[in-house]
Amino acid sequence: MKKGLTFLVVVLSLPVLASCGNDTKSLTASSANIVKSSATSDSVNQQNWKLSGTTKAPNGSKIIIYSDYSSINIAESKNAGWAKVKNGKFTAYVDPLTVIVNGSENKYTTSKKYKIHIAALSNYSKKKTTSLSKTAAKAVKKSAKTYTITLSSSQAAYYNSLDDDSSSSKNSSSSNSSSSSDSSSDTSDSYNATEGENNAEKYTYGDFVKSDDWVGKSYHISKAEVLQADEKDGQTVLLVYTDDDPDHTFMVAYDGKTPAVEDDYVDIQGVFSKRQSYDTKIGGSNTVPSLVASKITVTGKDSD
């Protein structure tokens, strides 16, 4: 892999609520009420909001939550799939960083208020938890209730500590190294298979998206779906997501060309670089983990 490999400057767009889907006459949205909000403390959803509530929507209906900043659904279950209704009740998890605009906070506090909108969607069979059809989006927005939510003291302390760690890491790097600030210059050229598998087994997407502490470490993505592929000057940049969840997005740089195109499934072996930002279709910006790949293999294609 070439030392000078850099991420291409491209404008990447994620599908939002207006993407294609199953528009059926039976598709309906109902109001949903948040009864209880708390900060989670378990190992899977640590520091997310846990939102419990009620609705008259039938069993299996999917809970949709979106913010003022983005129309993308940000609600998920404990296992990172759809949050669903059961016997008139539901529990949904929301990552605060999907509600707080990237880079808008100098310090996280318990006094700042954020708005979220929530509804229950029935007879919607799409597996992707973020993008909805135009018909579904219209129904959701018509039925959604608005709630105000704040960070708990533990959440504020947690996110402030991440910023402190990141600043300390940057200060240490500048005092002990004269390396370039280029995104790929801080990574090792060599992918370590053992380290890549261990990191894939032990850690989740939430661990990678919050800091640049992973720079230089190996990581193996056994299955990701391609959202967008761009080639320029013999280099490729892929925007991919894992766990069947477009919120779990990685930007991947590769020194060469690949056959990977949108909707392909790929296996990726690479080394973490600094997090990268891209512009979304709705005019915002999203910051995601990035990898410099040593190997990309197309393993299949999404037929959904």
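# Notebook: cavity, rings and strands

**Cavity.** I searched the whole structure, a predicted model, and got 1 cavity of 30 Å³ or more. The volume of this largest cavity comes out at about 40 Å³. I then pulled the lining of the largest cavity: Phe208, Ser211, Asp212, Trp214, Val215, Phe272, Ser273, Arg275, Pro289 and Ser290. By character, the lining splits into 5 nonpolar, 3 polar and 2 charged residues. Which strand gives the most to that lining? I found S10 on top, with 3 residues. Strand S10 (264–279) and S11 each supply at least two residues of the lining.

**Aromatic cluster.** Next I turned to the rings. I noted one aromatic cluster made up of Tyr203, Tyr205, Phe208, Trp214, Tyr219, Phe250 and Phe272. I checked this against the cavity: Phe208, Trp214 and Phe272 are among the lining residues of the largest cavity, and these three residues belong to the cluster too.

**Ring pairs.** I counted 12 aromatic pairs in the model. I looked at Tyr108 and Tyr159: the ring centres are 5.7 Å apart and the planes stand at 50°, so I logged the pair as tilted. The two rings come from distant parts of the chain, 51 residues apart, with Tyr108 in the loop between strand S4 (89–94) and strand S5 (113–122) and Tyr159 in helix H2 (residues 153–176). Buried or exposed, I asked of Tyr108? It counts as buried, at 12% relative accessibility. Tyr159 also goes down as buried, with 1% relative accessibility.

Then I took a pair from the cluster, Tyr203 and Trp214. Their ring centres lie 4.7 Å apart with planes at 70°, so this pair is edge-to-face; the cut-off for that label is over 60 degrees. Tyr203 is in the loop between helix H3 (193–202) and helix H4 (205–209), while Trp214 is in the loop between H4 and strand S7 (218–232), 11 residues apart. I looked up accessibility for both: Tyr203 counts as partly exposed at 33%, whereas Trp214 counts as buried at 13%.

**Charge over a ring.** I also checked for a charge over a ring and noted Lys223 with Tyr265. The charged end of Lys223 sits over the Tyr265 ring, 4.5 Å from the ring centre.

**Strand S9.** Why do I call S9 largely enclosed by the rest of the structure? Strand S9 spans residues 249–254, and 5 of its 6 residues are buried, so the rest of the structure largely encloses it. The limit for buried is under 20% relative accessible area. I went on to the pairing partners of S9. With strand S8 (residues 235–241), S9 pairs in the antiparallel sense over 6 bridges. With strand S11 (residues 285–301), S9 pairs in the parallel sense over 4 bridges. I picked Tyr254 in S9 to follow across: Thr236 stands opposite Tyr254, and Tyr254 also stands opposite Ala293 in S11.

**Lys232.** Last lookup. Lys232 lies in strand S7 and is partly exposed, with a relative accessible area of 48%. I took the C-alpha to C-alpha distance from Lys232 to Gly256: 9.2 Å in space, with their positions 24 residues apart in sequence.

Notes. Residues numbered from 1 in each chain as written. Predicted model: local features only at pLDDT ≥ 70, side-chain atom pairs only at ≥ 80, totals over all residues. Heavy atoms only, no water. Buried < 20%, exposed > 50% of the residue type's maximum accessible area, 1.4 Å probe, protein only. Pairing = 2+ DSSP bridges. Phe/Tyr/Trp six-rings, centres within 6.5 Å; stacked < 30°, edge-to-face > 60°. Lys NZ or Arg CZ within 6 Å of the ring centre and 35° of its normal. 1 Å grid on protein atoms, 1.4 Å probe; cavity = no way out; pocket = protein on both sides within 12 Å on 5 of 7 lines; lining within 4 Å. Points joined across faces, edges and corners; volume = space filled by probe spheres on them. Nonpolar A, V, L, I, M, F, W, Y, C, P; charged D, E, K, R; others polar.
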